[in-house]
Amino acid sequence: MEFINFRRSLKETRRYRDPIDDCLSLKEKNPSMFKNWRISPAPASEIDSIVEGTHIMKPGNPTGLEAVNKKFNVILPNDLDQFYKNWDGGYLLLSVPYTLLSVDEIIERNIWIRSVRHEPLDAPWKIVKFAHISDGNYIGMSRIGAEWYILFISNEYYDAELSQTGKPPRQGLPATFSEWLDLILKTDGVLPDIWPSTFERLP
C-alpha cells in the first residue's frame, strides 16, 4: 500500500482554532514530539488558541500489527497492517483530530477498556479500537465472520452490544481502513452524520 494521499497530507501545514486547548495540552505533555507546532492565543479571546502545524506521526513498526494479531488471536486487514509498518500511530491534525494509537497502545487500551467495563478478557476480539477521537469515542475494526469493517465506537456501548447483530455496521462509513483514511482527509476529519468538526479551520 502506498497511501499516496496520506503521504501528501503529511507535508501540508494547517491552521485551526482550538476551543479546548487540546493541542496546547498535547505539546506541554510531549514537547519534543510536537515541537514543530506553533500555538498562539486567538485574537480577542481568553480561551481559544490557534495551532499551526502538520500531522505528527511516529516511525513505523517493522512487524506492523503482528503483536496485536497474536495477542488478540485475530488477523487484522492488510492495509491497516501496512500502515503501521510505515507509521506506528500518531496525531492527525484535522478539524476532527484523531490520535492513532501505537501497536503497544492498541493492546493496552483495548484490554483496559474491557477491564474497566468488566467485560471478559478471554472473549473473542470482534472489535479492535485503533484511533481515539475524544471523550472515550473510538474508530476501530469490527469483525463479521472473516471480514473486517471500519466502525465508529461510541463510549455509550459495550463491544458485545456493537458486535451482536452479526451484520456489517450501517454507519455510512467506508468498509476498509484505506477508504476511511481517504475519507477523513477529504472531509478534514468530519464523519458525516456521526461526528462534526471540533476545530475551526483557518486560512
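Which residue in strand 10 stands opposite Y16? In this predicted model, the position facing Y16 in strand 10 is taken by R201. Y16 also has a partner in strand 3, where V51 is bridged to it. A good way into the structure is therefore to follow strand 1 outwards, since two strands pair if at least two bridges are found between them, and strand 1 is joined by three bridges to strand 10 and by five bridges to strand 3.

These strands belong to an open sheet of four, ordered 2-3-1-10, with antiparallel pairing. Strand 2 (38-41) and strand 10 (200-202) form the edges, each pairing on one side only. From one strand to the next, the twist averages 25°. Helix 2 (residues 22-29) packs on this sheet and touches strand 1, strand 2 and strand 3 (49-53), while its direction makes about 130° with that of strand 2.

The two faces of strand 1 (residues 14-18) can be told apart with ease. R14, Y16 and D18 make up the covered face, whereas R15 and R17 make up the uncovered one. This pattern can be set beside a general rule: in a regular strand, side chains alternate between the two faces of the sheet. On the uncovered face of strand 1, R15 stands opposite L202 of strand 10. The loop that leads from strand 1 to helix 2 contains D21. D21 is not a glycine, yet its phi is positive, at about 55°. With a relative accessible area of 25%, D21 counts as partly exposed, because the buried class is limited to values under 20% and the exposed class to values over 50%.

A second non-glycine residue with positive phi is D188, where the angle is near 60°. D188 is placed in the loop between helix 7 and strand 10. Its surroundings can be described by the relative accessible area of 12%, so D188 is buried.

Attention now turns to the helices. Helix 4 (residues 78-86) packs with helix 7 (residues 177-187) at an angle of about 65°, and their axes are 7 Å apart. On the helix 4 side the contact is made by D79, L80 and F83, and on the helix 7 side by F177, S178 and L181. Sorted by class, this contact comprises four nonpolar residues, one polar and one charged. F83 also reaches beyond the helix pair: leaving aside neighbours within four places in sequence, its contacts are F3, F6, M57, L100, F177 and L181.

Helix 4 also holds D81. The relative accessible area of D81 is 12%, so this residue is buried. Apart from neighbours within four places in sequence, D81 is in contact with T63, G64, L65 and E66.

The nonpolar interior offers a wider view. The largest nonpolar core has 54 residues, and those with the most contacts inside it are F83, Y98, F130, I139, W180 and L191. Helix 7 supplies the largest share of this core, with six residues. As a general background, nonpolar side chains in soluble globular proteins tend to be buried together.

Aromatic rings give a further thread to follow, with 18 aromatic pairs in the structure. One of these pairs, W37 with Y91, is edge-to-face, at 5.3 Å centre to centre and 70° between the planes. Because W37 lies in the loop between helix 2 and strand 2 and Y91 in strand 5 (residues 87-92), this pair ties together parts that are 54 residues apart in sequence. W37 and Y91 are both buried.

F130 and F177 form another edge-to-face pair, with 5.6 Å centre to centre and 75° between the planes. F130 lies in strand 7 (residues 127-132) and F177 in helix 7, so parts 47 residues apart in sequence are tied together here. The relative accessible area of F130 is 1%, which means that F130 is buried, and F177 is buried with a value of 1%. F130 and F177 also belong to one aromatic cluster, whose members include F3, F6, F83 and Y84 as well as W87, Y98 and W180. F83 thus brings several of these themes together: F83 takes part in the contact between helix 4 and helix 7, is listed among the core residues with the most contacts, and is a member of the aromatic cluster.

Conventions:
Residues numbered from 1 in each chain as written. Predicted model: local features only at pLDDT ≥ 70, side-chain atom pairs only at ≥ 80, totals over all residues. Heavy atoms only, no water. Axes fitted to C-alpha atoms, helices over the stretch in contact; angles between N-to-C directions. Contact = heavy atoms within 4.5 Å. Nonpolar A, V, L, I, M, F, W, Y, C, P; charged D, E, K, R; others polar. Core = buried A, V, L, I, M, F, W, Y, C linked by side-chain atoms within 4.5 Å. Buried < 20%, exposed > 50% of the residue type's maximum accessible area, 1.4 Å probe, protein only. Phe/Tyr/Trp six-rings, centres within 6.5 Å; stacked < 30°, edge-to-face > 60°.
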